[in-house]
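Dear colleague,

I am handing over the structure we spoke about, and I would be grateful if you could look through it with the notes below at hand.

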Amino acid sequence: MSVAHLNQTLAAWSPAQLGLVGDVLEVVRAPHPVLATLGATVDPLDPTMVALAADLVATMRVSPGCVGLAAPQVGISAQMFALDVTGHPKTRTCHGVFVLCNAVVTEASRQEKAREGCMSVPDFTGDVKRATRLEVTGVLPGTTDQVTITTDAFEARALQHEIDHCNGKLFLDRVAGAHAVHPRKVYK
C-alpha cells in the first residue's frame, strides 16, 4: 500500500465512522496507578474498543484546551488515544481528528524542548525534550487499516505525549528535573 493511499485512508476517517456517539468519561489524575501502567494491545475491531474510541473523542471535545486523550487517562489500560491539534497556534502539519490503536513511533528526529501540560496533571506544566519530526504507525479503530502518520511541530509533540500515556509514562517522567516543572498559571 502506498504512502499516498495511507494518508487518504487517514484523511477519509472520521469519528462518525465509529457508528456511535461516545460518552464523556471522567479523566483520572496522577498518581492514579493506571497512568503508570503499560497499556494492553487492543483489537481495533472489538466493539468495546470502538466504543472506547468514541468515548475518547467525546471526552476530548468537551475538555477546553485538550488536543489529545489516551485510554489510560480515562482509567483504561489500553494502547489507544484520540488526537486533534486543529486550530492550535503551534500546529504546522495537522491530520485533523483521529484515533489510533497500538501506535508505535517508527522514526523520530530533531529534538526540541517545549512546555507541556496534561489533563491528568492539572496543576503543573513541564519542559520536555521531544522529536519535532515524527513518523508513527497505528491502526484506526473499527478497521484493520494500518496508517502511517508523518508529521512535525506540535502534532509530533502531541502524538509522543499520548503514546507515552499508552506506555505508562507522564510528561513528568520526561522532564530534566524539578527545575523544569512549573505551576500551571491557568487551566482552561
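The notes that follow go from the whole chain to one annotated site.

Please keep in mind throughout that this is a predicted model. The chain has 188 residues, and its radius of gyration of 15 Å agrees with the value near 16 Å that a compact globule of that length would have. Along the principal axes, the C-alpha trace spans about 45 × 35 × 30 Å. Of the 188 residues, 51% count as buried, and the surface that the chain exposes comes to about 9200 Å², with carbon and sulfur atoms supplying 54% of that area.

As to secondary structure, the chain contains 3 helices and 6 strands, and when these are read from the N terminus they follow the order α-α-β-β-β-β-β-α-β, so that helix H3, which covers residues 153-166, is followed by one further strand. Contacts that reach far along the sequence are well represented: among those between residues at least 6 apart, 70% join residues at least 24 apart. With regard to charge, there are 16 positive and 18 negative charges, and their mean positions lie 12 Å apart.

The site I would ask you to examine comes from a UniProt record, an unreviewed entry, in which the annotation "binding site" covers Cys-118, His-161 and His-165. These three residues span 48 residues in sequence, yet no two of their C-alpha atoms are more than 10.2 Å apart, so they gather at one spot.

Both histidines belong to helix H3, His-161 as well as His-165. How far is each of them buried, in terms of relative accessible area? For His-161 the relative accessible area is 8%, which places this residue under the 20% cut-off and therefore among the buried ones, while His-165, with a relative accessible area of 1%, is likewise buried.

Their surroundings can be described from the contacts, leaving aside residues up to four places away in sequence. On that basis His-161 touches Glu-116, Gly-117, Cys-118, Arg-130 and Phe-171, whereas His-165 touches Leu-35, Ala-70, Pro-72, Gln-73, Cys-118 and Leu-170. Cys-118, itself covered by the annotation, thus appears in the list for His-161 and in that for His-165.

With best regards

Conventions. Residues are numbered from 1 along each chain as its sequence is written. This is a predicted model: local features need pLDDT of at least 70, side-chain atom pairs count only at pLDDT 80 or more; totals for chains, interfaces and linings use all residues. Side-chain values use heavy atoms; hydrogens and water are left out. UniProt positions are given in the numbering used here, feature names are shortened, and annotations may be inferred rather than shown by experiment. Helices (H or I, at least four residues) and strands (E, at least two) are DSSP runs, numbered from the N terminus. Buried means under 20% relative accessible area, exposed over 50%, partly exposed in between (1.4 Å probe, protein chains only). Contact means heavy atoms within 4.5 Å. The radius of gyration is taken over C-alpha atoms; the globule rule is 2.2 Å times the number of residues to the power 0.38. Accessible areas come from the Shrake-Rupley method with a 1.4 Å probe; for residues, only the protein chains shown count as cover. Lys and Arg count as positive and Asp and Glu as negative; His and the chain ends are not counted. The place of a charge is taken as NZ of Lys, CZ of Arg, CG of Asp or CD of Glu.
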